[in-house]
There are 2 protein chains.
Amino acid sequence: MKLTADPSVISLAGGMPGSECFPVDQIRAITEDILASGRAARTLQYGVTTGYNSTREAVRGYIKDIGVDTESIENILIVSGGQQGLDLMCKAFLNKGDVVLVEDPTYLAFLQIVAGYEAVPVGVRSNPDGLDIGDLEAKIKRYKPKLLYVVPNFSNPTGKTYTAQNRQKIAETTAKYGVVIIEDDPYGRLRYEGEDVAPLYTFCGGNCVYVSSFSKVISPGIRLGFCTGPKEIIRKLEIGKQGSDVHSSHMSQLIAEQFITRGLFPTHLNYIKSVYRAKKDVMVAALDKYMPAKFKYEKAQGGLFIWGGFDEAAGIDTVELFPRAVEHKVAYVYGNVFYADGSGRNMLRLNFSQPTCENLEKGVKALGGMFNSAAAYKA
Amino acid sequence: MKLTADPSVISLAGGMPGSECFPVDQIRAITEDILASGRAARTLQYGVTTGYNSTREAVRGYIKDIGVDTESIENILIVSGGQQGLDLMCKAFLNKGDVVLVEDPTYLAFLQIVAGYEAVPVGVRSNPDGLDIGDLEAKIKRYKPKLLYVVPNFSNPTGKTYTAQNRQKIAETTAKYGVVIIEDDPYGRLRYEGEDVAPLYTFCGGNCVYVSSFSKVISPGIRLGFCTGPKEIIRKLEIGKQGSDVHSSHMSQLIAEQFITRGLFPTHLNYIKSVYRAKKDVMVAALDKYMPAKFKYEKAQGGLFIWGGFDEAAGIDTVELFPRAVEHKVAYVYGNVFYADGSGRNMLRLNFSQPTCENLEKGVKALGGMFNSAAAYKA
């Protein structure tokens with residue numbers, strides 16, 4: 001965030017929505033309607049920790065659309081952004097020294113949350129289909145983890161989506177050993193190509209908590225997300241949230257609720273997907289044009305990121321080269337921060353949602369220049 | 001909260017602002033101005049964990065007015081309600097088994113937060129001036145506590161305000177033994193009679209974190225508060241907040257900020273104080289009129305609560321009698337929930353901010369009827 005504040009450096013390091021993608025007019029209309037209505041005082045008053053029932057009901061419909069079918073609103077907890085959902089899961093399940101399995105690589109901030117509870121993240125190997133099931137089972141047996149954390153849709157950082165078969169096997173394997181899954185799905189609605197895969201939650205029988213957020217599809221500044229799962233787990237999360245922030249901002253709850261119930265999502269999602277698809281295409285074209293031939297990357301079908309890197313044999317260290325990239329006026333995130341074991345120094349993550357198309361082209365060009373000169377320097 | 005949803009029971013059990021006290025029009029004007037301005041996209045985007053610099057600067061001025069003078073905005077962290085400030089302090093300072101000193105009685109939710117960290121609250125005796133300094137020192141020596149938690153202004157539940165002399169002695173005693181203070185001050189601006197006493201923070205030399213909230217003076221539904229203290233502690237709280245909810249709602253931050261910078265507080269505070277003063281007077285008059293002679297209470301000079309009870313010799317048990325009160329269509333909070341050791345079953349807390357004046361009169365009348373019949377029944 002501090003780097004992105006320097007206007008002369010093009011940041012491909014962020015994970016933020018493009019500022020042209022915020023539905024300002026719709027949010028303005030919703031807040032005005034609420035504050036001009038008889039609901040204003042109730043909106044400004046204290047409320048219950050679970051969130052408004054009407055908001056939970058709206059969320060219930062929103063996720064039913066993607067196959068996450070819940071018995072009642074008691075399966076849903078409104079939280080202050082998806083991150084709070086992850087934190088509450090850790091608070092509810094982890095004690096000092098407990099092991100959490102994660103995909104290697106995985107979401108950086110989740111590793112930080114786990115560290116905050118003095119628990120131990122252990123990486124599970126992955127492959128193009130998703131998790132390596134053999135390694136998953138071996139590590140469950142070896143470490144007896146409390147939780148498995150995965151981002152099956154357009155994973156951060158890799159942009160990868162797990163296949164349905166892989167999800168089925170993850171569900172079976174975790175059920176066999178009684179491991180609870182956190183399915184983190186902030187990006188699932190942002191698919192630009194290919195077919196949707198049903199949430200991992202739908203393959204599971206009560207050992208999965210589905211966590212999602214409105215940050216990438218409405219606005220991160222409103223800090224709103226939700227957790228879905230078995231009532232007894234949701235109740236535990238509610239107790240954790242009660243002590244943490246009592247409840248989430250009512251205005252934020254109503255913005256998300258009204259966005260759903262007024263039917264604003266289909267049009268808005270189509271719009272932001274068209275923006276991000278175009279940006280992704282610009283980045284892909286620039287990578288092909290400017291990066292050294294040895295640079296390999298995944299053509300993400302959705303989400304916000306492109307993940308790429310060099311064979312370890314190439315001897316490129318993205319951590320060491322980072323200051324040189326900044327000299328070239330471009331920033332990325334080096335790969336090792338996403339690995340539970342700190343490996344991945346040959347990899348990097350690039351974001352295409354936030355920069356303008358012009359800056360995507362310029363930034364990748366600068367990056368290519370830097371890596372080409374770095375490769376030349378090595379040789 | 002569930003009880004207060006039954007409309008036939010008058011709840012004197014809450015701790016909420018009166019719904020006539022929300023500055024709906026001002027908040028409506030602020031949100032409309034922001035969403036119609038060039039600031040809209042930045043408001044809807046991610047931000048830094050500390051809170052907007054402009055909001056921190058506004059808060060810095062807001063607390064300077066009451067003597068809390070800070071070197072810079074780095075002494076201030078914006079949080080999602082005062083409760084999050086308390087939670088972050090516990091997260092930063094407490095490990096399993098650590099002792100936290102609290103006034104007996106103290107804020108119920110704080111005891112719950114402490115329990116969530118598997119730490120142990122120990123009560124310090126109090127007197128009309130504040131804490132019993134001899135008992136404070138004895139318990140510091142005996143328990144080596146990590147933290148002392150106090151609500152020196154219009155304490156919840158007792159409504160009591162610590163004298164300046166008592167604050168000075170608390171500051172000296174905690175400094176002597178290196179105990180960190182959490183000064184929780186949600187009610188300090190709500191004084192209806194008497195003179196303000198400078199915050200405990202102003203008597204301390206770097207071992208006090210001042211936590212406050214906009215819940216009681218603007219709106220609890222926006223979930224906004226702040227922590228003020230030494231930079232190294234604020235930095236620890238920031239790290240805790242980063243993992244917990246990334247940052248607080250931007251719109252909420254700007255509502256509080258603009259409320260300060262537009263100079264709306266003086267007029268608004270005068271208005272809500274006049275409402276609450278009148279309600280408090282109605283409750284006091286009703287208590288004098290309807291309650292048994294043996295009922296003793298404190299005439300709070302501010303805040304939201306009246307605390308009262310019976311001599312233990314009277315044999316009145318407010319926990320046992322609670323269902324009978326509900327039969328009489330009135331609810332209160334029994335005293336024992338505010339004591340670290342579970343004593344206080346002869347006491348109760350009454351709220352006067354939320355009910356209408358009519359319901360305050362009716363509720364206290366019902367309560368008096370119940371206690372009079374209970375006393376008769378006993379005899």
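**Exercise 1. Determine where R223(A) lies and which sign its phi has.**

Start with the location: R223(A) is found in the loop between β9 (208–213) and β10 (225–228) of chain A, where strands (E, at least two residues) and helices (H or I, at least four) are DSSP runs numbered from the N terminus. Then take the backbone angle: phi of R223(A) is near 50 degrees, a positive value in a residue other than glycine. For background, most residues other than glycine have a negative phi, and most peptide bonds are trans.

The model is predicted, so that local features need pLDDT of at least 70 and side-chain atom pairs count only at pLDDT 80 or more, while totals for chains, interfaces and linings use all residues. Residues are numbered from 1 along each chain as its sequence is written, chains are lettered from A and ligands numbered from 1 in the order in which they are written, and side-chain values use heavy atoms, with hydrogens and water left out.

**Exercise 2. Locate the cis peptide bond in each chain and give its omega.**

In chain A, the bond from N156(A) to P157(A) is cis, with omega near 20 degrees, and P157(A) lies in the loop between β7 (147–150) and α7 (164–177) of that chain. In chain B, a cis peptide bond joins N156(B) and P157(B), with omega about 15 degrees; P157(B) lies in the loop between β7 (147–150) and α7 (164–177) of chain B.

**Exercise 3. Describe the make-up and overall dimensions of chain A.**

Counting elements first, chain A has twelve helices and 15 strands. Its radius of gyration, 21 Å, is close to the 21 Å that the globule rule gives for 379 residues, so chain A is as compact as a globular protein of that length; the radius is taken over C-alpha atoms, and the rule is 2.2 Å times the number of residues to the power 0.38. Along the principal axes, the C-alpha atoms of chain A fill a box of roughly 70 × 50 × 35 Å.

**Exercise 4. Find which parts of chain A the salt bridge of E71(A) and K231(A) ties together.**

The side chains of E71(A) and K231(A) meet in a salt bridge at 3.4 Å, N to O, the criterion being a side-chain nitrogen of Lys or Arg within 4 Å of a carboxyl oxygen of Asp or Glu. E71(A) lies in the loop between α3 (53–64) and β2 (76–79) and K231(A) in helix α8 (residues 231–245), so the pair ties together parts that are 160 residues apart in sequence.

**Exercise 5. Characterise the interface of chain B and chain A, and the relation of the two copies.**

Begin with contacts (heavy atoms within 4.5 Å): 47 residues of chain B touch 47 residues of chain A. The area buried between them (accessible area, 1.4 Å probe, lost on being put together and summed over both) is about 3,700 Å², of which carbon and sulfur atoms give 58%. On the side of chain B, L44(B), Q45(B) and Y46(B) lose the most area, together 19% of what that side buries.

Next, the rule finds two salt bridges across this interface. R28(B) forms a salt bridge with E32(A), with the closest N and O atoms 2.7 Å apart.

Finally, a rotation of 180 degrees with 0.0 Å of shift along its axis superposes chain B on chain A at an RMSD of 0.0 Å, the fit being by least squares on C-alpha atoms of residues with pLDDT of at least 70 in both. The two copies are thus related as by a two-fold rotation axis. The same surface serves both copies, since 100% of the contact residues of chain B recur in chain A.

Key: Buried area is the accessible area (1.4 Å probe) that two parts lose on being put together, summed over both.
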